[in-house]
Amino acid sequence: MHDVIVIGAGLSGVAAARALVAAGLDVVVLEARDRVGGRTLDHPIGDGAVVELGGQWIGPTQTRMAALADELEIATFETHGTGAHLFEARGQLRRYRGTIPRTPNPLAVLDVGIAMARLNRLAEQIDVDAPWRSPRARLHDTQTVATWLRRNVATRDGRALLKLVVEGVWAADPADVSFLHLLTYIASAGSLELLTDTAGGAQERRFVGGSQQVAVRLADRLGDRVRLDEPVRRIDRADDEVTVTTDRGTHRARRVVVAIPPTLAGRLVYAPALPGDRDGLTQRYAQGSVVKCMAVYPEPFWRDDGLSGQATSIDGPVKVVFDNSPPDGRPGVLLGFLEGRQARVHGRRSPAERRAVVTAALTRLFGPRAADPIDYVDKAWAEEEFTRGCYAGYLPPGGWTDHGHALRRPIGPIHWAGTETATVWNGYMEGAVRAGERAAAEIIGTLPSP
C-alpha cells in the first residue's frame, strides 16, 4: 500500500508528488494520457523550435513557476511586443500602443478605464480563501458578467472591449460567468491589468523550448512513480484508506490527491458517494472553451511593417492575436485564439475548415502575406477526453455562494488540487503548482507515520 496516490500528472499533480516525495512518503502518480503536462503541450515546428498548444506564459508575480524554472534550468524570454498593435472593429483597422485600443468612439477608452478601476476596487474586497464570505458576495453571485457590463458600462464600444477581455481571460462569454467568479479571479491575480497585460503582466514571458518542459522534467525526477496510460475510474474510501481503480487494476493508499479539473473529478465514481455540496460544485464548474491556433510563416514579416504581432478584433472570429515566434524570430508564428462561443462553433469543424477561417482573419489584420502559412496547427481542448476545455474552469451565478466551500475541503482521505483550487493565480500554471503544493502540505501535516 502507498502513502499517497496522485491522480493526474499535470503541473498540479507533479508538483504535489514532488513535495510528498521530498517529505519521505511513498507516492504513485496515475495519468490517463500517454504524456505528462496536462493543459501544457509543446508541439515541434521544425529545426528544434516549438509552439505551445496549451498554457505558455509566465508573469513577474508568478513566483513558484519562476522558482521551478530556475531549479530545472529552463530559461525564459520576453513575449515579442515591439511595434504597434492592431485593433479591428466594424471593418476598420487601427494601430495603437499601450493596453487599451483606440476605438472610433474616444469615450469608450475612458469608459473602459473607469470600469477596470471599479472592477479592481471591487476585487480588493474579495476574500480569496472564501469568496462566499466577501462583502456583497450574494449580490455579486446572483448576476453574470454580462449583466454587470450592461448596467455599468455606458458605451457600446466599451462593452465590446470588455467582452473581449472576458473572452480572452476566461475563454467564456460574459453571459456564462458569475460576476463573483470574475472578481475572485481578479483578486487571485492582483489586478485586471496583471491578467491582461503583456509587459509586467501574465503574458510577459515564455519558456525557451516550451512550457511543458516544467512538468516533463519534474516527472523525470519522479521516475517510475509516474504511470502513464492509466485512467482512473473509481475511488473507494474508508476512514483512513482509499482504493483507486484504473483501467489497469487497483492501487491502495492512505491518501489520494485528485489533481484534475473539477468537471473531470465529478465524472469519477466514488464509494461512498461524495456529499451533495461537492457533487453540486462539480456539476456547475464548467471548463472554458478555446481553440488555440498557430499559423507559421518563413519569417515574422509583420515586424518589418512596424507591427508587434499583437491584435484584438471585435469582428472576430479570431479576437486575440500574439506574435508566438521562437526566441530568435525564425520561423514567424502568429497565435490566434477562438474563444467562448467562437470556440464552440468552430471546434465542431475540421482542422482544414478552421485553418481557412483563421488565415482569413489574420489576412484582414496583417495583409496578404498572412494568407499562405507554411504550416498550421491548432488544438480544440474541449475535444480532449481528459481535459474537456481550457484555460480553466469557471462558475456560473450561485456557484460560489452555494457550493464554493466544497472546493478545497478534504473528504476523509481525499484531497483536491488543480489550478481551479488555487487562491493565488487561479486558472494559471502558477496556480496549478501552488494548489499541488497546498494539497501536499495538507497531507504531510496530518498523515500518521507509516
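**Exercise 1. Find out why the sulfur of Cys390 forms no bond with the closest cysteine sulfur.**

*Step 1.* Start with the rule: a disulfide is a pair of cysteine sulfur atoms within 2.5 Å.

*Step 2.* Now look at the distance. The closest cysteine sulfur to that of Cys390 belongs to Cys293 and lies 13 Å away, which is too far for a bond.

*Step 3.* Widen the search to the whole structure, and 0 disulfides turn up. Cys293 is likewise in no disulfide, its nearest cysteine sulfur being that of Cys390.

A note before you go on: this is a predicted model, where local features need pLDDT of at least 70 and side-chain atom pairs count only at pLDDT 80 or more, while totals for chains, interfaces and linings use all residues. Residues are numbered from 1 along each chain as its sequence is written, and side-chain values use heavy atoms, leaving out hydrogens and water.

**Exercise 2. Decide whether Cys293, Cys390 and Leu110 are buried or exposed.**

*Step 1.* Recall the cut-offs: buried means under 20% relative accessible area, exposed over 50%, and partly exposed in between (1.4 Å probe, protein chains only).

*Step 2.* Cys293 has 0% relative accessibility, so it counts as buried. Cys390 has 4%, so it counts as buried.

*Step 3.* Leu110 reaches 53%, and therefore counts as exposed. You will find Leu110 in helix 3, residues 106-123. (Helices are DSSP runs of H or I with at least four residues, strands are runs of E with at least two, and both are numbered from the N terminus.)

**Exercise 3. Work out which strands stand at the edges of the open sheet of 7 strands.**

*Step 1.* Write down the order, 8-7-17-18-19-16-20, and note that the pairing is mixed. Two strands pair if DSSP finds at least two bridges between them.

*Step 2.* Read off the edges: strand 8 (92-96) and strand 20 (375-380) each have a single partner strand, so one side of each is left without a neighbour in the sheet.

*Step 3.* Zoom in on one pair. Strand 17 (residues 307-313) and strand 18 (residues 320-323) pair in the antiparallel sense over 2 bridges. Thr312 has Val320 in strand 18 as its bridge partner.

**Exercise 4. Do the same for the open sheet of 3 strands.**

*Step 1.* The order is 5-9-6, with antiparallel pairing.

*Step 2.* Strand 5 (57-58) and strand 6 (76-78) stand at the edges, because each has a single partner strand.

*Step 3.* Strand 5 pairs with strand 9 (residues 205-207) over 2 bridges. Here Trp57 stands opposite Arg206 in strand 9.
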